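Student: Please walk me through this model, one feature at a time.

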Amino acid sequence: MDVPAELKELTATLVSIETVLDLDAMRREAADLEAQASVPDLWNDPEKAQQVNSQLSHLQGEVRRVEDLRRRLDDTQTLWDLAEEMDDPDSRAEAENEIGGLRKAIDELEVRTLLSGEYDAREALVTIRSEAGGVDAADFAEMLLRMYTRWAERHNYAVDVLDTSYAEEAGIKSATFQVKSPYAYGTLSVEQGTHRLVRISPFDNQGRRQTSFVGVEVLPVVEQSDHVEIADDDLRVDVYRSSGKGGQGVNTTDSAVRLTHLPTGIVVTCQNERSQIQNRASAMAVLQARLLERRREEAQNAMDALKDGSNSWGNQMRSYVLHPYQMVKDLRTDYEVGNPQSVLDGDIDGFIEAGIRWRRSAAA
């Protein structure tokens with residue numbers, strides 16, 4: 001390893017990251033949020049209080065992350081200089097090992113600077129739907145729900161499941177959940193598309209190989225500034241008794257809510273809260289997000305119509321193969337790993353980072 005060249009390259013990359021993130025501006029914003037968080041009556045508006053504290057925690061974490069990397073890089077440079085001066089092979093080896101960790105951490109941080117889209121800083125609404133493949137698809141949908149919640153747990157991101165529709169034999173027909181962390185939308189948006197599973201079906205008594213498909217939709221959470229107006233006459237509201245696995249309190253009253261937006265035909269359901277009022281508020285948030293995405297797509301289509309052609313990702317984006325060999329491969333970036341179980345346990349950062357880089361290069 002050419003350590004001086006590696007250190008020079010890592011230093012240049014970190015300087016670029018510090019410039020793009022604008023640490024001084026981030027510190028000023030954090031100080032402003034700290035002032036807001038200290039106002040005694042902040043919790044009179046719990047939603048605003050939660051938002052302020054979430055943004056503050058995220059900003060402080062980002063600043064600390066960059067500062068820690070800067071300190072580690074400077075310490076490694078000093079360690080290498082001393083090792084060279086004293087001709088100390090142990091110190092040289094220690095510096096080389098630290099460079100490997102720094103390379104990984106700085107590459108991960110660099111991906112964060114690529115999230116500059118209009119809604120990338122938002123929290124995310126994710127919907128998973130079983131598609132072709134019958135009971136295997138429903139089971140695969142539940143596997144992906146677990147994969148994303150495990151991924152969120154790895155990063156200490158809060159997840160709020162808004163709606164779950166269980167399949168009759170096994171798995172789920174669909175589920176919608178919110179990932180409550182800044183930049184969750186920009187991060188997870190590259191997960192949108194059709195996911196494909198190939199395996200020996202545990203539901204086939206002849207042990208045949210089965211291919212099944214699950215669709216993943218990722219939307220930004222709507223904020224008050226988005227102004228997506230929904231007229232009362234455009235909305236049909238149905239209430240019904242929640243369905244689910246037996247014994248749950250949500251099943252005892254007509255608390256589930258189904259909203260139908262008549263002009264577009266968009267239907268949203270929410271049944272995971274005990275209160276009809278809470279379910280209606282959650283369903284309205286999802287409907288607002290879908291209408292916002294529809295508006296964004298219409299604007300994008302209008303822009304694409306002015307170009308010679310548009311960049312299409314294609315629908316099928318990742319394959320999970322459990323038989324006859326073990327592999328998970330992203331069909332857009334060609335990023336792949338040979339341990340599907342670790343991926344299904346939430347280890348998807350490599351796929352997400354590759355997807356974000358690919359998206360930026362495709363848009364260039």
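**Reading the fold**

Tutor: Strand 2 and strand 3 pair in the antiparallel sense, over eight bridges. Strands pair when DSSP finds at least two bridges between them. Strands themselves are DSSP runs (E, at least two residues) and helices are runs of H or I with at least four residues, each numbered from the N terminus. One facing pair here is Asp160 opposite Gln178 in strand 3. In the hairpin of these two strands, five residues lie between the strands, and Gly171 takes a positive phi near 75°.

Student: What kind of model is this?

Tutor: This is a predicted model: local features need pLDDT of at least 70, side-chain atom pairs count only at pLDDT 80 or more, and totals for chains, interfaces and linings use all residues. Residues are numbered from 1 along each chain as its sequence is written, and side-chain values use heavy atoms, with hydrogens and water left out.

Student: What average pLDDT does the protein chain have?

Tutor: pLDDT is the predictor's confidence in each residue, from 0 to 100. The protein chain averages 88, and 91% of the residues score at least 70. Over residues 246-250 the pLDDT is below 50, and this stretch has eight contacts in the model beyond near neighbours in sequence. Contact means heavy atoms within 4.5 Å. Residues 306-314 also stay under 50; the model has nine contacts for them beyond four places in sequence. Where pLDDT is low, the predicted coordinates should not be read in detail.

Student: In what order do the eight strands of the open sheet run?

Tutor: The order is 2-3-1-5-4-9-10-11, and the pairing is mixed. Strand 2 (158-166) and strand 11 (336-337) are the edge strands, each pairing on one side only. Further in, four bridges join strand 9 to strand 10, which run antiparallel. Val321 has Met327 in strand 10 as its bridge partner.

Student: Which helix packs on that sheet?

Tutor: Helix 5 (residues 134-154) does. Helix 5 touches strand 1 (124-130), strand 2, strand 3 (172-180), strand 4 (193-200), strand 5 (209-220) and strand 9. Its direction makes about 45° with that of strand 5. For such angles, axes are lines fitted to C-alpha atoms, for helices over the stretch in contact, and values run from 0 to 180 degrees between N-to-C directions.

Student: How is the open sheet of three strands ordered?

Tutor: Its order is 6-7-8, with antiparallel pairing. The edge strands are strand 6 (235-240) and strand 8 (266-270), each pairing on one side only. The twist averages 15° from one strand to the next. Strand 7 (residues 256-261) and strand 8 pair over five bridges, in the antiparallel sense. Arg258 stands opposite Thr269 in strand 8.

Student: Now the helices. At what angle do helix 1 and helix 3 cross?

Tutor: The axes of helix 1 (residues 3-21) and helix 3 (residues 46-86) cross at roughly 160° and come within 11 Å. That makes helix 1 roughly antiparallel to helix 3. Angles over 145 degrees count as roughly antiparallel, under 35 as roughly parallel, 65 to 115 as roughly perpendicular and the rest as oblique. The crossing is left-handed: the near helix is turned anticlockwise from the far one by less than a right angle, whereas clockwise would be right-handed. Helix 1 residues in the contact include Val3, Leu7 and Leu14, and those of helix 3 include Val66, Leu73 and Trp80. The residues of this contact divide into 11 nonpolar, three polar and two charged. Ala, Val, Leu, Ile, Met, Phe, Trp, Tyr, Cys and Pro count as nonpolar; Asp, Glu, Lys and Arg as charged; the others, Gly among them, as polar.

Student: How does helix 3 meet helix 4?

Tutor: The axes of helix 3 and helix 4 (residues 89-112) come within 10 Å and cross at roughly 155°. They are therefore roughly antiparallel to each other. This crossing is left-handed. The contact has 12 nonpolar, four polar and 10 charged residues.

Student: And backbone exceptions?

Tutor: Most residues other than glycine have a negative phi, and most peptide bonds are trans. Asp22 has a positive phi near 55° and lies in the loop between helix 1 and helix 2 (23-37). The peptide bond from His323 to Pro324 is cis, with omega near 15°. Pro324 lies in the loop between strand 9 (316-321) and strand 10 (327-330).
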